[in-house]
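Please walk me through this structure, from the way its chains are arranged to the details of individual residues.

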Amino acid sequence: MSMTLQQLADRIGATIRSADADAAQRTVTACSSLEAAGPDDVAFLANVKYTSQVQTTRAAAVIVAPDITAESQTLLVADDPYFAFRNAMVELHGFRNHPAPSPDGKPVSPLAVVSPTAKVGHGTKVHPFAVISDHAVVGENCVIYPGVFVGPRARVGNDCQLYPNVVVYDDCVLGNRVTLHSGCVIGQDGFGYATHGEPGQAPLHHKIPQAGNAVIEDDVEMGAGCTIDRATMGSTVIGVGTKFSDLIAIGHGTKVGPHNLYVAQVGLAGSVTTGAYVVMGGQAGVAGHLKIGNQVKVAAKSGIMHEIPDKTDVGGQPALPLNEGKRLLLSSFKVPDLLKQVKQMQRDIDKLKAQLETGADASSD
Amino acid sequence: MSMTLQQLADRIGATIRSADADAAQRTVTACSSLEAAGPDDVAFLANVKYTSQVQTTRAAAVIVAPDITAESQTLLVADDPYFAFRNAMVELHGFRNHPAPSPDGKPVSPLAVVSPTAKVGHGTKVHPFAVISDHAVVGENCVIYPGVFVGPRARVGNDCQLYPNVVVYDDCVLGNRVTLHSGCVIGQDGFGYATHGEPGQAPLHHKIPQAGNAVIEDDVEMGAGCTIDRATMGSTVIGVGTKFSDLIAIGHGTKVGPHNLYVAQVGLAGSVTTGAYVVMGGQAGVAGHLKIGNQVKVAAKSGIMHEIPDKTDVGGQPALPLNEGKRLLLSSFKVPDLLKQVKQMQRDIDKLKAQLETGADASSD
Amino acid sequence: MSMTLQQLADRIGATIRSADADAAQRTVTACSSLEAAGPDDVAFLANVKYTSQVQTTRAAAVIVAPDITAESQTLLVADDPYFAFRNAMVELHGFRNHPAPSPDGKPVSPLAVVSPTAKVGHGTKVHPFAVISDHAVVGENCVIYPGVFVGPRARVGNDCQLYPNVVVYDDCVLGNRVTLHSGCVIGQDGFGYATHGEPGQAPLHHKIPQAGNAVIEDDVEMGAGCTIDRATMGSTVIGVGTKFSDLIAIGHGTKVGPHNLYVAQVGLAGSVTTGAYVVMGGQAGVAGHLKIGNQVKVAAKSGIMHEIPDKTDVGGQPALPLNEGKRLLLSSFKVPDLLKQVKQMQRDIDKLKAQLETGADASSD
């Protein structure tokens, strides 16, 4: 996409600040990093520690917060510069154009299998080798890529994107505008077994039917390879507006709240509940049956073993409030020196005791 | 499914205990949690800390252990209440009915590819877009979902369920009643390279042929997205009755013992062996070439660096016997105060030394 | 494959050392472990602690380093015995023979979908239910297994192997001799959202278009289920010769250097760069925007929070230089005893203080 800087500024709600009177009429065509930008690119100052690069970048303009100044550079000043940058990405690059499922222009490929009892909404593209099972419902304007399986009685809302090889098990439900990247699996059986041995026999793990489902609410996006267990009874839920990165595992019966953000390889065991706006760093884990409050932030690799109240930042294994965890970590760094110090102190004490004893002896002489 | 409480009690081996003479003839239709149960539901007391809910639930009856009493509530008393609950789930909900592969009622979809040299047993369903390769053998009464790949010369036993997009590489072997959820991969090449550089050249990682296979024994179930490396020589083995949750990675040549239970995201490196009835918490990891004994329990997120003897509970990174680990953890919490205390003690000692010196000086006067 | 020991020795650059004059003419057919080897097998001494097994193995010969001796056993002596063993595996077992995509012998299955605008090179096999999208290019002598999706405008080099259900998103690039095991996903959208709320409204996570791609350089191999995010702008890169095990997640914009080796379940956040010959143990993680130097070795389960200079071995959470980490770990083991010792010392000090006071009182009398 190509437009003038003035057009871009208007669309992203930014103000041009420039020593160059013609700056507003310059044409821009793409977003780029400060380092890689060419003269037709718009760049973005993500971190104040790179402010010096604002002067040296070849970019046509740099999106910045109001407090940033740079005399020789054209600036696009925005109150929320990261959101303005995002909007510039949308204006100049836009989102993926999905390919046509069939050379004949029909929305449903003749090489897909759509059950006669399934419903597929208007404008939905179904690619070759996708399967829409009996009594499944797919809404309008969805994209069902090759190799996708939508199980019996599953329901998919409008404007959903299911990338290649996504699997939605029987009876699971996806809201509107749900995006699942390749390899995501929704609603496989939860990890439920009753270990039982008849008298005199070795115990076996007896499978418990997983009779519930998984519900993915509106505006959820998941990266590649996420796996969401169905519930034993009731539903596993991923709340509205929540975004997952890749390879995340969610146990059965867990209810992830609205607008959560989870980095890759996070794992939540079963029957966990999380509040709104919870953020989890990569590879963090939560034990079963715990309640995580609203706006909790969990550091990468944390292991949560206890309930976490609202608005608490936690980290470590086991996870502690971040200040406490840092204090323990810093104090642990001092232990080697502490051991040496205590050894010397012990020698001093022994000496003092000996001296006092001698003194006592001397005075008793 | 619908039946009287008496019928259910008989089938799950429980005894009705009720103040209501008609309780045995009440109809029940489903299992539910204590909280969500309606008047036709059977609930289950999973944890004694919820005993008070037994009085308040609307459920028709609650499955409990013999020591639980609740005057106003109909109870289904069972020696192993969790197993009785599991059996109630089986009676009232049952297991998944697998869809038909083809509208014409034939068990093998004409849209699947079955090699002329492959064998597919009686009663086995093969869905569209599945591939059964040359000289592969699939037993009786299996379900092969869409997108499944059974590689050349692979063997699948009877009554197996391979959910959409499962992949079984060439020459791998599945026993009877093996269930693999979507996205599981069995027998990809193990992680084997010989790093070697000719004199004066940068070293390269030279791939070692992975000439072994992976063997999944009877009654194994795996959640979504598990990956089991094939062995360099011989077999990687997942033992009889073992159950995996999701996204578990098993290295080449590793032998997982019988009846193990692994929570999601566990990783075992290569050439590990585990005994019988080993339990691993989520995100636990085991380094290569280690032997884990029988009935070992590994806490979530543990990092096992050493051999673990039979019947040992371990936790932490590096994993230690659980008592020892807890002791170290608790003692680590005391370090910040210890640092303060030692600082004060140092001052005291210095003062004592000064006093004694003065005293000595004084007496030498 | 079958050959004489002399033929094998010549091909792998080893020297026969044997008390048996006929040893060189013995036939060998396979590689095996020292323990499992039969009389036609060649074994390999992987670890000096198993040297005693060289005497007892039934193998026809054992590949060893020059400093190993064993009177009663035929040895194949090689300067780099692991590389010699790897070469013996190649000679005696070789690499996988890929199946034919179609019984009619044609390289492209009529059950695959290849866009009329895509290019597929000579000798490339395309299996049933694979999709090669519009304007995609696949080089020569590749193997595209069932269920593989090659997205619009994606480019795949020569001699690549894409195992079942691999997905390559639009515009991504694979070099030559790239091997991706089942379930790998290349180029799904990176985890990029701008969280923004209009005044008086709850904030939402607004998706940032991920306009970049992912580039997998020559000679990269990945195990099953790895997920490589595409970049927001520019490219995510996996460097030449790098090898991944299973279930590895790489964030957007990250540049993995050449010849890295990552064990299963490693996760790198976005905008990380790694040098050459970096080794990461299983389940290690790296926070975003960090620079990892050349030849850095990262212990399993480490959590890297800071830049790591060249040739540094690190471990722990947070990751520290290995010596320092070990020192802290060992010192932490001493804390419980330290607590007891300090308690006793405190009593001694209090006593000494009391004694001195009494003494002072006495002398002031």
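A residue is called buried when its relative accessible area is under 20%, exposed when that area is over 50%, and partly exposed in between. The model discussed here is a predicted one, and the account begins with the arrangement of the chains.

Two copies of a chain are related by a rotation about an axis and a shift along it. Here, chain B can be laid on chain A by a turn of 120° with a shift of 0.0 Å along the axis, and the RMSD of that superposition is 0.0 Å. The two copies are thus related as by a three-fold rotation axis. For chain A and chain C, a rotation of 120° with a shift of 0.0 Å along its axis likewise gives a superposition with an RMSD of 0.0 Å.

Within chain A, helix 1 spans residues 5-12, and its buried residues are Leu5(A), Leu8(A), Ala9(A) and Ile12(A). Viewed down the axis of helix 1 of chain A, these buried residues fall within an arc of 100°, so they line one face of the helix. The general background is that an α-helix has 3.6 residues a turn, so residues three or four places apart point the same way. Helix 1 of chain A is followed by Gly13(A), which has a positive phi near 70°.

The next element to trace is a sheet. In chain A, 10 strands form an open sheet with parallel pairing, in the order 8-11-14-17-20-25-28-31-34-37. Strand 8 (113-114) and strand 37 (303-304) of chain A stand at its edges with a single partner strand each, so one side of each is left without a neighbour in the sheet. Inside that order, strand 17 (residues 167-168) and strand 20 (residues 185-188) of chain A pair in the parallel sense over 2 bridges, and Val168(A) has Ile186(A) in strand 20 of chain A as its bridge partner. In chain C, strand 17 (residues 167-168) and strand 20 (residues 185-188) also pair in the parallel sense over 2 bridges, with Val168(C) standing opposite Ile186(C). Strand 20 of chain C is further joined by 3 bridges to strand 25 (residues 227-229) of chain C, which runs parallel to it, and there Gln188(C) has Asp229(C) as its bridge partner.

Aromatic side chains provide another thread through the model, since 27 aromatic pairs are found over all chains. In one of them, the ring centres of Phe191(A) and Tyr193(A) are 5.5 Å apart and the ring planes stand at 80°, so the pair is edge-to-face. Phe191(A) has a relative accessible area of 22% and is therefore partly exposed, whereas Tyr193(A), at 10%, is buried. Tyr145(C) and Tyr163(C), by contrast, form a stacked pair, with 4.9 Å from centre to centre and 25° between the planes. This pair links distant parts of the chain, for Tyr145(C) lies in the loop between strand 13 (143-144) and strand 14 (149-150) of chain C, while Tyr163(C), 18 residues apart from it, lies in the loop between strand 16 (161-162) and strand 17 of chain C. Tyr145(C) is buried, with a relative accessible area of 3%, and Tyr163(C) counts as buried at 2%. Ring pairs also reach across chains, linking Tyr145(A), Tyr163(A), Phe149(C) and Tyr169(C) into a cluster.

What empty space is left inside? A search of the whole structure finds 8 cavities of 30 Å³ or more, and the largest cavity has a volume of about 260 Å³. It is lined by 26 residues, of which the closest to its centre are Gly183(A), Gly225(A), Gly183(B), Gly225(B) and Gly183(C).

Some backbone details in the loops deserve a look as well. The peptide bond from Gln317(B) to Pro318(B) is cis, with omega near 0°, and Pro318(B) lies in the loop between strand 38 (313-315) and strand 39 (320-321) of chain B. In chain C, the bond from Gln317(C) to Pro318(C) is also cis, with omega near 0°. Arg153(B), a residue other than glycine, has a positive phi near 65°; Arg153(B) is found in the loop between strand 14 (149-150) and strand 15 (155-156) of chain B, and at 40% relative accessibility it counts as partly exposed. Tyr277(C) likewise has a positive phi, near 55°, and is found in the loop between strand 32 and strand 33 (279-280) of chain C.

Methods:
Residues numbered from 1 in each chain as written. Chains lettered and ligands numbered in written order. Heavy atoms only, no water. Buried < 20%, exposed > 50% of the residue type's maximum accessible area, 1.4 Å probe, protein only. Helix = DSSP H or I, 4+ residues; strand = E, 2+ residues; numbered from the N terminus. Arc of directions from axis to C-beta. Least-squares fit on C-alpha atoms with pLDDT ≥ 70 in both. Pairing = 2+ DSSP bridges. Phe/Tyr/Trp six-rings, centres within 6.5 Å; stacked < 30°, edge-to-face > 60°. 1 Å grid on protein atoms, 1.4 Å probe; cavity = no way out; pocket = protein on both sides within 12 Å on 5 of 7 lines; lining within 4 Å. Points joined across faces, edges and corners; volume = space filled by probe spheres on them.
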